[in-house]
Amino acid sequence: MEDTYNNRTSLAKGAKDMVKEAKRHATKKVNKVVDRATDEYSTHHNYSRFQDEEDEDEDFYRNPPRRDKESYPDNEEGSSDATEGHDDEDEIYEGEYQGIPSAGDGKHKEGQVALGQPVSDATRDRKELEQERQADEEELAQQYELIIQECGHGRFQWQLFLVLGLALMSDGVEVFVVGFVLPSAETDMCVPDSSSGWLGSVVYLGMMVGALFWGGMSDKVGRRQCLLICMSTNGFFAFLSSFVQGYGFFLLCRLIAGFGIGGAVPIVFSFFAEVLSREKRGEHLSWLCMFWMIGEIYASAMAWAIIPHYGWSFSMGSAYQFHSWRVFVVVCALPCVCAVVALTFMPESPRFYLEVGKHDEAWMILKQIHDTNMRARGQPEKVFTVNRIKVPKQLDELVEMESESGNPVSKVFFRIKAEINGIYHNLIKCFNYPMRENMVRLATVWLTLSFGYYGLSVWFPDVIKHLQADEYASKVKIHNNERIEDITFNFTLENQIHKNGLFINDRFISMKLKSVTFLESTFRNCYFEDVTSVGSFFRNCTFIDVSFFNTDIDDSKLIDGTEVINSTFVHNKTGCQITFDDDYSAYWVYFINFLGTLAVLPGNIVSALLMDKIGRLSMLGGSMVLSGISCFFLWFGTSESMMIFMLCLYNGLSISAWNSLDVVTTESFPTVRRGTGFGFCNALCKLAAVMGNLIFGSLVGITKAIPILMASSVLVGGGLVGLRLPDTRANVLM
């Protein structure tokens with residue numbers, strides 16, 4: 001009786017186990033059918049991970065795997081919300097125990113010995129491990145595309161669009177704030193001509209280093225974290241630069257601010273592309289480019305509205321001056337501050353988390369994207385059905401260890417050295433086969449487009465200023481051999497030249513000298529009080545018994561052998577004086593830049609709407625070639641109105657090239673090197689900007705032929721190279 005009872009109990013238990021196992025495989029098979037149907041409906045592709053599943057199902061009943069008692073849990077209520085509706089054993093995590101394959105299985109998986117024991121990674125070849133990771137990344141790319149399609153495009157993407165747009169806007173502001181501030185800052189800080197122009201070069205150099213460093217770091221520590229750090233760095237030092245008085249400290253602050261904002265462009269495009277499906281990527285990345293143009297418009301409008309208003313300033317004694325251009329610098333830091341605040345509420349890129357093996361964190365963010373979009377659509381009941389995401393194999397890296405006894409400073413420098421070394425090795429991989437040829441072409445296009453664009457951006461305003469200066473000089477009034485006695489000057493003298501004049505017992509009180517030159521003139525028993533001079537000089541003049549009180553006339557204005565005999569200087573103004581009162585040229589220059597940035601708007605809209613219709617490469621090459629051709633018409637620009645028209649035309653044509661180049665660069669690199677590769681290209685952009693500023697700036701007023709021919713040939717050549725790049729429109733993000 002007892003044996004019979006035991007046999008019945010064993011039989012019942014075995015039957016129960018078989019029912020559970022059959023139920024588990026039936027559920028698994030249903031899930032496979034659903035996945036396959038979704039796959040065919042979404043992309044009409046068959047992926048390698050589904051090829052042998054039918055054979056595995058048939059082999060199960062022929063060669064069932066050995067299982068112990070723990071493989072059959074008595075209750076199934078321990079599943080988490082993340083896997084609701086699915087068996088726990090269906091979850092596949094990196095490093096999870098998968099059981100021992102049956103000894104009768106005739107096929108052994110790659111990386112396993114005949115006995116079914118997995119081979120340790122330490123005993124396998126590095127190349128073999130990298131090939132395995134490459135296969136995992138290809139599988140993940142296909143699966144991730146389906147997941148993003150399931151999450152949909154909606155509220156989450158638009159929220160991230162606005163946040164990243166603020167960061168990109170800050171980069172556009174930083175580029176143009178330098179050009180707008182440069183004349184005023186150098187005048188206000190008494191910068192000699194030998195040191196002028198350093199501000200523009202220093203900021204671009206900081207942005208060049210920052211693009212390479214922060215782009216590489218975003219591939220190691222994350223998009224969001226790096227963007228937060230670099231934007232905070234820019235905002236703090238940009239704000240600080242508005243208060244420092246010395247030119248050296250001002251250069252240092254702008255250098256560090258440029259280093260911070262340099263990482264914005266590569267990180268922003270990498271981040272946003274990783275939450276977009278393939279069908280939406282080209283169009284919405286192009287819309288994102290519009291924020292860089294908005295940054296240009298914002299900087300131009302603020303410069304036009306603030307800098308010429310000299311009254312928007314205050315002083316604390318004669319040593320500390322806070323002029324209107326400093327107010328402009330503070331206002332231009334506001335988009336960066338807003339971007340930092342908004343970015344704290346956004347999650348990390350789920351694609352980055354999957355690349356570094358953080359499956360659960362990536363799953364939670366993808367579920368957040370799905371739920372946010374579904375609630376916005378009025379479908380909150382729709383469930384996020386994904387419960388398995390492929391995680392690429394994580395490869396160990398050789399890291400040099402620092403001694404525990406080292407001081408904190410040495411540890412910081414050691415960490416920086418290690419990170420830079422990692423960025424360097426990641427960058428070298430961008431030039432390995434099969435990416436080498438495409439990388440060289442990309443670099444060539446970035447160099448040529450940046451050189452032509454930034455070079456002409458400097459040349460256009462300077463040429464217009466040169467035309468204005470020529471027109472202003474043609475209206476100068478010349479006074480020869482005049483004799484003036486007992487006259488009080490309390491009004492403004494402007495654009496005049498006084499030769500061989502004699503001034504006796506004259507009083508110059510509360511007046512301004514604007515672009516006035518006194519040549520070989522004599523002043524006897526004269527009195528100067530509260531006099532401000534801008535662009536005015538006394539050349540080879542003689543001052544006899546003259547009193548100066550609260551004026552800015554000093555040795556820098558008394559030049560070319562000017563003699564001062566028995567004269568006194570009391571309470572002279574310190575520092576250089578800057579004024580924009582009634583300065584028509586200042587308003588006009590900022591207004592011209594404002595018009596040039598507004599001309600970008602139509603080209604930006606057209607490029608966004610046509611990016612996926614005519615293709616990235618056609619738009620890139622065509623835009624660069626047309627921009628180069630438009631440069632030839634500059635030959636006929638003999639007036640301000642003609643030059644302004646050509647500036648607007650050039651800006652409108654070139655913006656499509658920038659948008660398509662950003663999209664192509666984003667789609668050309670795998671996720672593990674996207675920030676590094678984009679950062680390198682953006683660093684070349686800033687290097688070309690420095691070269692363009694120096695070369696084109698030196699040719700202003702000398703000749704028009706060389707800048708026109710140089711810009712045209714460079715842009716046309718770069719456009720032809722761009723047409724040879726591979727088409728990335730059909731790519732999934734690897």
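**Exercise 1.** In this predicted model, identify the bridge partner of Phe489 in strand 8, and describe how strand 5 and strand 8 pair.

*Solution.* Step 1: locate the two elements; strand 5 covers residues 488–489 and strand 8 covers residues 507–519. Step 2: find the partner; Phe489 is bridged to Phe508 of strand 8. Step 3: establish the direction; strand 5 and strand 8 pair in the parallel sense, over two bridges.

**Exercise 2.** Determine how many bridges join strand 6 to strand 8, and which residue of strand 8 stands opposite Leu493.

*Solution.* Step 1: strand 6 is formed by residues 493–499. Step 2: six bridges join strand 6 to strand 8, and the two strands run parallel. Step 3: the residue of strand 8 that stands opposite Leu493 is Leu513.

**Exercise 3.** Describe the pairing of strand 8 with strand 10 and with strand 11, and give a residue pair for each.

*Solution.* Step 1: take strand 10, residues 527–534, which is joined to strand 8 by seven bridges in a parallel arrangement. Step 2: for this pairing, Arg507 stands opposite Tyr527 in strand 10. Step 3: take strand 11, residues 537–539, which pairs with strand 8 over three bridges, again in the parallel sense. Step 4: for this second pairing, Leu519 has Arg539 of strand 11 as its bridge partner.

**Exercise 4.** State the strand order of the open sheet of five strands, name its edge strands, and examine the pairing of strand 12 with strand 15.

*Solution.* Step 1: the order is 4-7-9-12-15, and the pairing is parallel. Step 2: strand 4 (483–485) and strand 15 (563–565) are the edge strands, each pairing on one side only. Step 3: from one strand to the next, the twist averages 10°. Step 4: strand 12, residues 542–544, runs parallel to strand 15 and is joined to it by three bridges. Step 5: within this pairing, Phe543 stands opposite Val564 in strand 15.

**Exercise 5.** Characterise the packing of helix 15 against helix 20, including the handedness of the crossing and the residues of the contact.

*Solution.* Step 1: choose the descriptors; a pair of packed helices is described by the angle between the axes and the distance between them. Step 2: helix 15 (residues 436–474) and helix 20 (residues 674–698) pack at an angle of about 35°, and their axes lie 7 Å apart. Step 3: helix 15 passes helix 20 in a right-handed crossing. Step 4: the residues of this contact comprise 20 nonpolar, seven polar and one charged.

How values were computed: Residues are numbered from 1 along each chain as its sequence is written. This is a predicted model: local features need pLDDT of at least 70, side-chain atom pairs count only at pLDDT 80 or more; totals for chains, interfaces and linings use all residues. Side-chain values use heavy atoms; hydrogens and water are left out. Axes are lines fitted to C-alpha atoms, for helices over the stretch in contact, and angles run from 0 to 180 degrees between N-to-C directions. Helices (H or I, at least four residues) and strands (E, at least two) are DSSP runs, numbered from the N terminus. A crossing is left-handed if the near helix is turned anticlockwise from the far one by less than a right angle, and right-handed if clockwise. Ala, Val, Leu, Ile, Met, Phe, Trp, Tyr, Cys and Pro count as nonpolar, Asp, Glu, Lys and Arg as charged, and the others, Gly among them, as polar. Two strands pair if DSSP finds at least two bridges between them.
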